[in-house]
Amino acid sequence: MRINAAANEIVLKVVYYGPGMAGKTTNLTIIHDRVPSHAAGDLVMVDTHSERTLRFDLLAMDAGEVNGHRVHFEFYTIPGQSYYAATRRAVLAGADAIVFVADSRREALDENIEAMNEMLGNLRHHGLPDDLPLVVQYNKQDLPTALKREQLEPLMNVRGWPSQSAVAVDGNGVMETMQQITSLVLDRVRRSGNVPSSAAAVPPPSAAGSWLISCFRCQAMLEVPDAKIGAVYACGICGSALEVVDPDRGLTRAPAPSALTVAGNQKPRSPGEDSVYGMQALPDRTPAATPGALGAGTPGSGSAPVLSQPYDVPGYDLMAPLDESSQGRRTRVRERSTGRTLRALALNPALMRQPSYSDNFEAHVRLASQVKHPYILPLVAMTPIKESVVLFNADPPDYEPLGHVLARRRALAPPHAMGIIRQVALALEEAARHGVVHGWLRPEVVLVSPDGNVLVDEFAVPKNHRYLVRELSGASAATEYYLAP
């Protein structure tokens, strides 16, 4: 039970639990369709890209008042597949009531019992009380192999909970189950006496910000309280001033000089004001770019970061700037002879001026170009430019950096996250077999497709010695200082 004193609200969490394909999501869909539109919010469905079953659904529904507080129910479902055990346990945390949806088919009996035992174990794990309100729904009663409620009760209802027969696809028993569980949990709340009166309620502390943005220059991930368009921050890693241009993707750019006026409201936020990270206000150090050159951009032109010190590369046309880091500037280019699009990384000349770096660079690139793996973005070509080189990689359609995914979604479900980690680990393993170590593994070089496939970029770029020195000298190591594998 959560009490929002500022809004005079009590939020009660009801979790629909059970084996996969038992009808949990169908229950919530029917409830959402049948309750009055003013009493229910949006039905949020978060899919896993690769599986039909959802991680969880959420339906907030008004249910009157208790002690002067408006009551809202939040209904969740859990995914039924065996490999979502961690997600099921997490969704069950803080539950005020449970509906166990059983699959009544005879062949599903073992799955029902396994899910029931797992649920009881998760209740003990979270320290939830034994008398937590629970209703058992015996779904799919219309199927030929379905066992009757009287047959299932001795096997499934080990504690004598209220139960209900149902055919969820037709809506039979769905609303009755919902009314049973909401009545049980409301009676429990009223009896507990733990709900304060509205006058005595203390407003909760304000929540910390949870927006993620990425620095256009060094690609560090920064957590900020407000990512509306035009908000200005300063990166705590490289010190660049950042203006938010795309909150959904967490994209930033160098702000216009007028945005850095201290007298206005858009000055970069100083440490302790807003951001979780220590940040410093620094002036814009990004010079205007030259149109038509590799790494060019138009100041103030939108979501594309402005890239400094562009270079012309014969045979290629600039399409769009992508990002900039201490490694160099990355753009999307078109090869004139073939018409194909590529990702071009113009390495920072400061790197190539380091003797220990430049001496071993070409040998490392040759070695990395020989590594072939489904999860490694292949190196296409290398072209020398003034004081440096440009590395060309394939430009896979529909892939985007993991940093953009995290900025948009803030978090990934455990199965999705583990799938990405597994693919990255396999790519690192294959490269290590060829003697190649990824120099700087970070969200911007992990490209992810909508169906969860991964391609890791920048295997051809050796480790930046400056970051290696910082890590070995005892500085706090973060993702941007990570030395793989």
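**Exercise 1. A hairpin of two strands**

Which residue in strand 15 does Tyr 316 stand opposite? Describe also how strand 14 and strand 15 are joined.

*Solution.* The model is a predicted one, and the steps below follow what it shows. Begin with the partner of Tyr 316, which is Glu 335 in strand 15. Then look at the two strands as a whole: strand 14 covers residues 316-325 and strand 15 covers residues 328-335, and the two run antiparallel, joined by 8 bridges. Finally, follow the chain from strand 14 to strand 15, where a hairpin makes the link through 2 residues.

**Exercise 2. Helix 1 against helix 5**

Work out how helix 1 and helix 5 are oriented to each other, and list the residues that make their contact.

*Solution.* Take the angle as the starting point: helix 1 (residues 24-34) packs against helix 5 (residues 174-192) at about 90°, and their axes are 9 Å apart. Angles of 65 to 115 degrees count as roughly perpendicular, and helix 1 and helix 5 are therefore roughly perpendicular to each other. Helix 1 brings Asn 27, Ile 30, Ile 31 and Arg 34 to this contact, while helix 5 brings Val 174, Met 175 and Met 178. Sorted by kind, the residues of the contact of helix 1 with helix 5 are 5 nonpolar, 1 polar and 1 charged.

**Exercise 3. Helix 3 and its two neighbours in this exercise**

Describe how helix 3 crosses helix 2 and how it crosses helix 4, giving the angle, the handedness and the residues in contact for each pair.

*Solution.* Consider helix 2 (residues 85-92) and helix 3 (residues 109-126), whose axes come within 10 Å and cross at roughly 55°. Helix 2 and helix 3 are therefore oblique to each other, and their crossing is right-handed. The contact is formed from Ala 85, Arg 88, Arg 89 and Leu 92 on helix 2, and from Glu 118, Met 119, Asn 122, Leu 123, His 125 and His 126 on helix 3. The residues of this contact of helix 2 with helix 3 comprise 4 nonpolar, 3 polar and 3 charged.

Turn now to helix 4 (residues 149-156), which packs with helix 3 at an angle of about 40°, the axes being 11 Å apart. That angle makes helix 3 oblique to helix 4, and helix 3 passes helix 4 in a right-handed crossing. Here Leu 109, Asn 112, Ile 113 and Met 116 of helix 3 meet Leu 152, Leu 155 and Met 156 of helix 4. The residues of the contact of helix 3 with helix 4 divide into 6 nonpolar and 1 polar, with no charged residue.

**Exercise 4. An open sheet of strands 11, 12 and 13**

In what order do the strands of this sheet lie, and which are the edge strands?

*Solution.* The 3 strands form an open sheet in the order 11-12-13, with antiparallel pairing. The edge strands are strand 11 (232-234) and strand 13 (251-253), each of which pairs on one side only. From one strand to the next, the twist averages 45°. Within the sheet, strand 12 (residues 241-246) pairs with strand 13 in the antiparallel sense over 3 bridges, and Asp 246 stands opposite Leu 251 in strand 13.

**Exercise 5. A second open sheet, its helix and a salt bridge**

Describe the sheet that has the order 19-20-21, say which helix packs on it, and explain which parts the salt bridge of Arg 343 and Asp 457 ties together.

*Solution.* This open sheet has 3 strands and antiparallel pairing, and its edge strands are strand 19 (400-401) and strand 21 (454-456). Strand 19 is joined to strand 20 (residues 446-448) by 2 bridges, and Glu 400 stands opposite Val 448 in strand 20. Helix 9 (residues 414-433) packs on the sheet, where it touches strand 20 and strand 21, and its direction makes about 40° with that of strand 21.

The structure holds 19 salt bridges, and in one of them the side chains of Arg 343 and Asp 457 meet at 3.0 Å, N to O. Arg 343 lies in strand 16 (residues 341-347) and Asp 457 in the loop between strand 21 and helix 10 (465-472), so the pair ties together parts that are 114 residues apart in sequence.

Note on methods:
Residues are numbered from 1 along each chain as its sequence is written. This is a predicted model: local features need pLDDT of at least 70, side-chain atom pairs count only at pLDDT 80 or more; totals for chains, interfaces and linings use all residues. Side-chain values use heavy atoms; hydrogens and water are left out. Axes are lines fitted to C-alpha atoms, for helices over the stretch in contact, and angles run from 0 to 180 degrees between N-to-C directions. Helices (H or I, at least four residues) and strands (E, at least two) are DSSP runs, numbered from the N terminus. Angles under 35 degrees count as roughly parallel, over 145 as roughly antiparallel, 65 to 115 as roughly perpendicular and the rest as oblique. Contact means heavy atoms within 4.5 Å. Ala, Val, Leu, Ile, Met, Phe, Trp, Tyr, Cys and Pro count as nonpolar, Asp, Glu, Lys and Arg as charged, and the others, Gly among them, as polar. A crossing is left-handed if the near helix is turned anticlockwise from the far one by less than a right angle, and right-handed if clockwise. Two strands pair if DSSP finds at least two bridges between them. A salt bridge is a side-chain nitrogen of Lys or Arg within 4 Å of a carboxyl oxygen of Asp or Glu.
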